[in-house]
Amino acid sequence: MEGDSYGLGMGEFSEVEEKDIPEVLPMMAVRDVVVFNYMIIPLFVGRPASVSAIQEALTKDKLILLTTQKESAIDEPGPDDVYQVGMVCMIMRTLKLPDGRLKVLVQALHKARIEETLQQDPFFMTRIKLLEEKEGKGDPVEIEALMRTVREKTEKILSLKGIMSAELMAILNDIDEPGRLADLVVSNLRLKTEESQSVLETIDAIERLRKIADFLHKELEVSTMQAKIQSEAKEEMGRTQREYFLREQLQALKKELGEIDDKTQEIDELREKLTKTKMPAKVKDESLKQLKRLDMMHPDSSEAALIRTYLEWILDLPWKKSSKDRLDLKNAKKVLDADHYGLDKIKERILEYLAVRKLNKSTKGPILCFVGPPGVGKTSLGQSIARAMGRKFHRLSLGGMRDEAEIRGHRRTYIGAMPGRIIQGLKTTGTNNPVFMMDEIDKVGSDYRGDPSSALLEILDPEQNFAFSDHYLNMPFDLSKVMFITTANMSDTIPSPLLDRMEVIRLSGYTLEEKVVIARRYLLPRQIKENGIRKKHLKLNDETLNYIITHYTREAGLRGLERKIGSICRKVARKIAEGAKGPYVISSRTLSKYLGPPDFLPEAELDTIDQPGLATGLAWTEVGGEILYIEVSLFKGKGGLTMTGQLGDVMKESGQAAMSVCRSRLSKLGLDENYFDDIDVHIHVPAGAIPKDGPSAGVTIATALYSALSGRKIKNDLAMTGEITLRGRVLPIGGLKEKALAALRANIKTIIIPEHNRKDLVEIPKELRNKLKFIPVKNIDQILAKAFV
């Protein structure tokens, strides 16, 4: 049928004698409906073949054979695609619609069988054989009882559906022919096409009526159940839950009809996926158990949604899916060298791991901790390691994290529960052996919601993480294949048990020469590309880069340097956009036009150490090494000690210790033992707005105080670091490489260090050692012998 029928019914029929029906008729295939005797039905005709068949019938006797398609989806059916038994119909009325289709009203006249298809194009012409109705023989009482049964069941069904009317029952009661009653009832039942066609092809009227009685019995059960569901649903849910009631009704009907509903299909799909997915046996058993629970729940319940989400997480996790490591050491070294300049110690550690992995496939992933100031390439180094090894990379920021559930996940009893960030990261990468970088591990917090750093103890322990249990999954997941890399600016704030589980590799910063090379190879090309200019538009030589580093930045990393280069590129980009051609050659003399006056003047700073009481110290901070200037003034007073510059308690104690050391050496200076009774000492450490603390300024304070007492100047290209005791001994310090880099940035050539730090000189690059003179000392007297002009 061309579209849906818009009404089925019985009417007053045109009497057409059997002898008036020709043997050859045009045939039209209809979809989704079976036409029965005595029916008047409207059809919407749109297919070219169907329109041609209608037009052929109208030019002759208005008779046409209607047969039902076996598959309604076929647009151009052939002789084998239609049922062989159909109805000869008369076209009563036609109407052409605006969209080109025809609306046709037809009346069914006589049942017929297709004997032969004579023509297929442009429409079907068939030779037919009319089928005579067999009234059937049987007990009149049985026939009457069967007809009454059909009428009563029809009445009950119509009553349950609320469409019962006196006129309709009057029509049913007036029909006394079994075949006609069967055709009237079946035309108004919602039967499948195959079932309706089987009724049509039943010639015996009594047998046809029996079939209708069976169908009515089934329909009555469905209608009764529907009415029961409606009644129960209304009692339980009320008006406000109408949508839920409709879904309940639909599910119950599908269940009674034996059809597969969406829930059954979903359960089958989940079971198939669980069977195919590779996972540990314990995980699979638990998943199937949860699937069984889901199968017994209503699909719209809140708990069903939780279990469904849980099973989806189980299926999405890479339980046994790993990426293949690239174990070519030469290629790995090439990738690491291409992405980063220097950092030899870290590269060597990665290549060592790959070498061990090549020899022992079952080795566990290392847990590395990169400690260094900002901008030295800790995070980007993790990406390069993943690329060199052929692994997926995932980054997780731990800065400011205070909730333990961020790591371990939420328990499924909570609304909105989900796995922790570790499991989420593994789902994102799709493999169980990615390079997993945890940034800012030194900035993890804790509060009433738990301590994330304690949760990390299990994850970052190779002896425990093979069975990591996330609260949401509540099943062990093997993290032993994951290569964990953490980053921190300082290791002091990392809890000791956590720090003990990691292999700490320190990135101190870059020398001037390294920064020039990195700027040339990486920073300048990147900024040229990001700002839309070309290499030919901008010329920056190494001397200019050197000047930018020394006069416009003072940092261990490279972020400030890249910002300055980016600022130059933006100004050049503006000129190019305004129509200038370039190239623009930037020199140290023209640099101020692009970056303004220099932020730092190392030469001028050294010139300030030109009078007694001034000394240069070295300090370590979480952003790298720094220069520390100590100033001491003496004036008449009552023996007081004042220390300013926002100093911490440790540094104040270092000042007091330095004071005591100098008191014990007054005789060497030719001063009276009561000298300090009549003077006040003021020690100041610029800049006053920056908090300062630590013991390594002790020797610097003592030397500056001794300089003020003796009136001798300290060398302006000399800096020192070390903790001092009351006996004048110099104790070791940390962060020697960072302090050496800070001295080099300030154009200082000589550094006095504790004797115990001599062993740390091997950690300093050879090119850096060649530019600096290190003087190891054991006590303050050795410093005083070397420090003065």
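Me: I'd like to start with a helix pair. Does α9 pass α10 in a left-handed or a right-handed crossing?

Reply: The crossing of α9 past α10 is left-handed. Bear in mind that this is a predicted model.

Me: What else describes two packed helices?

Reply: In general, you give the angle between their axes and the distance between the axes. Here, helix α9 (residues 281-296) packs with helix α10 (residues 302-316) at about 155 degrees, and the axes are 10 Å apart. Angles over 145 degrees count as roughly antiparallel, so α9 is roughly antiparallel to α10.

Me: Which residues of α9 and α10 make that contact?

Reply: On the α9 side, look for Val-283, Glu-286, Ser-287, Gln-290, Leu-291, Arg-293 and Leu-294. From α10 come Glu-303, Ala-304, Ile-307, Arg-308, Tyr-310, Leu-311 and Ile-314. Sorted by class, the α9 and α10 contact has eight nonpolar, four charged and two polar residues.

Me: Let's try another pair. At what angle do the axes of α11 and α13 cross?

Reply: Roughly 155 degrees, with the axes of α11 (residues 329-339) and α13 coming within 8 Å. α11 and α13 are therefore roughly antiparallel to each other. Handedness is a separate item to read: α11 passes α13 in a right-handed crossing.

Me: And which residues make the contact between α11 and α13?

Reply: α11 brings Ala-332, Val-335, Leu-336 and Asp-339, while α13 brings Ser-384, Ile-385, Arg-387 and Ala-388. By class, the contact of α11 with α13 splits into five nonpolar residues, two charged and one polar.

Me: Now the sheet. In what order do its five strands run?

Reply: For a sheet, you read the strand order, the sense of pairing and the edges. The order here is β9-β10-β13-β8-β14, in an open sheet with parallel pairing. β9 (393-397) and β14 (503-506) are the edge strands, each pairing on one side only. Ignoring direction, neighbouring strands of this sheet are turned against each other by 20 degrees on average.

Me: How many bridges link β8 and β14?

Reply: Four, in the parallel sense, with β8 covering residues 367-371. If you want one bridge to look at, Phe-370 has Ile-505 of β14 as its partner.

Me: Which strands does helix α13 touch?

Reply: Helix α13 (residues 378-389) packs on the sheet and touches β8, β9, β10 (435-439) and β13 (483-488). The direction of α13 makes about 175 degrees with that of β10. Helix α15 (residues 421-429) also packs on the sheet, touching β9 and β10, and its direction makes about 155 degrees with that of β9.

Me: On to the backbone. Which two residues does a cis peptide bond join?

Reply: Omega is the angle to check. The cis bond joins Asp-121 and Pro-122, with omega about 5 degrees. Pro-122 is in the loop between β6 (102-119) and β7 (124-130).

Me: What about phi at Glu-440?

Reply: Look at the sign and at the residue type together. Phi of Glu-440 is near 55 degrees, a positive value in a residue other than glycine. Glu-440 is in the loop between β10 and α16 (452-459), and its 25% relative accessibility makes it partly exposed. Gln-646 also has a positive phi, about 55 degrees, although it is not a glycine. Its loop runs between β19 (641-644) and α23 (649-663), and at 42% relative accessibility Gln-646 counts as partly exposed.

Me: Last topic, single residues. Is Ser-707 buried or exposed?

Reply: The cut-off to remember is that buried means under 20% relative accessible area. Ser-707 is at 0%, so it is buried. Ser-707 is in helix α24 (residues 698-710). Setting aside residues up to four places away in sequence, Ser-707 touches Pro-612, Gly-613, Arg-712, Lys-713, Ile-714 and Phe-788.

Me: And which residues is Lys-161 in contact with, leaving aside its neighbours within four places in sequence?

Reply: Glu-219 and Ser-223. Lys-161 is found in helix α2 (residues 140-161), and its 35% relative accessibility counts as partly exposed. For a spacing to check, Lys-161 and Ala-227 are 66 residues apart in sequence, yet 8.1 Å apart in space, C-alpha to C-alpha.

Definitions and conventions. Residues numbered from 1 in each chain as written. Predicted model: local features only at pLDDT ≥ 70, side-chain atom pairs only at ≥ 80, totals over all residues. Heavy atoms only, no water. Pairing = 2+ DSSP bridges. Helix = DSSP H or I, 4+ residues; strand = E, 2+ residues; numbered from the N terminus. Axes fitted to C-alpha atoms, helices over the stretch in contact; angles between N-to-C directions. Contact = heavy atoms within 4.5 Å. Parallel < 35°, antiparallel > 145°, perpendicular 65-115°, else oblique. Left-handed = near helix turned anticlockwise from the far one by under 90°. Nonpolar A, V, L, I, M, F, W, Y, C, P; charged D, E, K, R; others polar. Buried < 20%, exposed > 50% of the residue type's maximum accessible area, 1.4 Å probe, protein only.
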